[in-house]
Amino acid sequence: MSGKKVPSARTAALTVIEQTLHGLELQAALNRILISKSVTGPDRQLTAQLAYGYFRHQLRLEFIVSSFLSRNKSSLPGHVLRVLCLGTYEICYLTRIPDFATVHWYVQHIKKSSSSGLTKMANAILRRVCREKESLLNRDFYALDQPSQTRFLSRYYACPEWIVDLCLHSFSILQTETLLEHSMHPPPVGLRFNPWASGWSRLYAALSGLAPVVVQNLNGLALTSPPDNEIRKAEQNGLLTRQSLAAQEALDREDPADWPQPAWDACAGRGLKTGQLLERGCHRLWASDIHTRKVLTCRQEIDRLRLPGIPLFTADATAPPLGRIRPQSILLDVPCSGLGVLSRRPDIKAKRRPEDLPVLAGLQRSLLKSCLTILPPGGRLVYISCTFNPDENEHLIRYILHKNPGLGRLHSMHLPDPASLLGEYFFTACIQN
């Protein structure tokens, strides 16, 4: 990696971080930079590594910086704190860049926009990080002042205390640490193979022979180092879809091939689960989303896979469009807090707030009750979320069924499993009318 190119990657990563903190999703902010072609060659990978690494480790990085400050970190300008944290991440976690080069670049970056006092402080902190980085990777550093269990876990695993408390409320300490450890690392790349496409089985066999495959099932793989060029070509030919294997398994464990039809995917989003339903043989299918833009993306996804055309429309599932023919099955992949996919969406840790959860639970209650109301006798509703918050999962399901005994009965429920090797956690429930 040439020294000449590294600064452009660092500058781009700082831009991605700023845009993410101002509202964009992390991947969307990264895509915006990469599509602009202002970052080229190996800098593209480094930009992504720095931006995702910052959000995966942010609270740990802030604790390190604040430990080496002679003042409260809140007195630092926000951009200076972010620069120091990103430099600390690079020193502690990236091995291909010499420490002296890292310190020089970040100190010079701060020098351009800050006082000489802040520049000297930055130089001192980053040099100290270089000297002590081995201890900064050790658990003991985060427990020197004997913090509470929640605070220690928050510091060490770079996760807000309120999320740590939610974990501890739902899981054992061992399960909580497993889940939090997974949140600090990229999840494996999930691939869903299209059984309706010619040549899919040969491709599956070829890719499943690669190492390392984390998990595999009949139609999907999770790999840590997939061959990107081959996968991009296969995507273009409709042979496969990049989709979290944990998300695939969440839907598959509710046996979509056995759903009575017609079925309605009521919160289709970009169409990942819509495509999965079609691939599983659920061809009498409708799909909708409240956002027209997502409906258009869903159509493009179905066309890319060369799957049967289905009715697609914009609709609010809290007020289901009632036609002469009602769906026999409904998939409700609800908007949620996303706490089960922190490994894939680490920016959630920086932007989600505890007060968001009751609002989301209220929306989920409205969606669930409205869709159950139109479910005919013998019909079924499958509810999926990507969170481990019980108030968005089992508590919500049981509350709705208790308050509305005529809307159906619980047929099955699968809770998030912290032991999953996939590092992502989904909840599913099936309600039968």
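The legends below describe three close-up views of a predicted model. Local features need pLDDT of at least 70, side-chain atom pairs count only at pLDDT 80 or more, and totals for chains, interfaces and linings use all residues. Residues are numbered from 1 along each chain as its sequence is written, and side-chain values use heavy atoms, with hydrogens and water left out.

**View 1. Strand β6 (residues 285-289) and its pairing with β5 (residues 263-265).** Strands are DSSP runs of E with at least two residues, and helices are runs of H or I with at least four, numbered from the N terminus. Because 4 of its 5 residues are buried (under 20% relative accessible area, 1.4 Å probe, protein chains only), β6 is largely enclosed by the rest of the structure. Strands β5 and β6 run parallel and are joined by 3 bridges; pairing requires at least two DSSP bridges. Asp265 has Ala287 of β6 as its bridge partner.

**View 2. Strand β6 beside β7 (residues 312-314).** These two strands pair in the parallel sense over 3 bridges. Asp289 stands opposite Thr314 in β7. Helix α14 (residues 292-304) carries the chain from β6 to β7 in a right-handed β-α-β crossover, that is, clockwise from the first strand over the helix to the second with the strands pointing away from the viewer.

**View 3. Helices lining the second largest pocket.** A pocket is an open set of points on a 1 Å grid over the protein atoms alone, where a 1.4 Å probe fits, with protein on both sides within 12 Å along at least five of seven lines; lining residues have an atom within 4 Å of a point. Its lining receives at least two residues from each of α3 (43-67), α7 (149-156) and α15 (348-351), and α3 gives the most, with 5 residues.

Notes:
Buried < 20%, exposed > 50% of the residue type's maximum accessible area, 1.4 Å probe, protein only.
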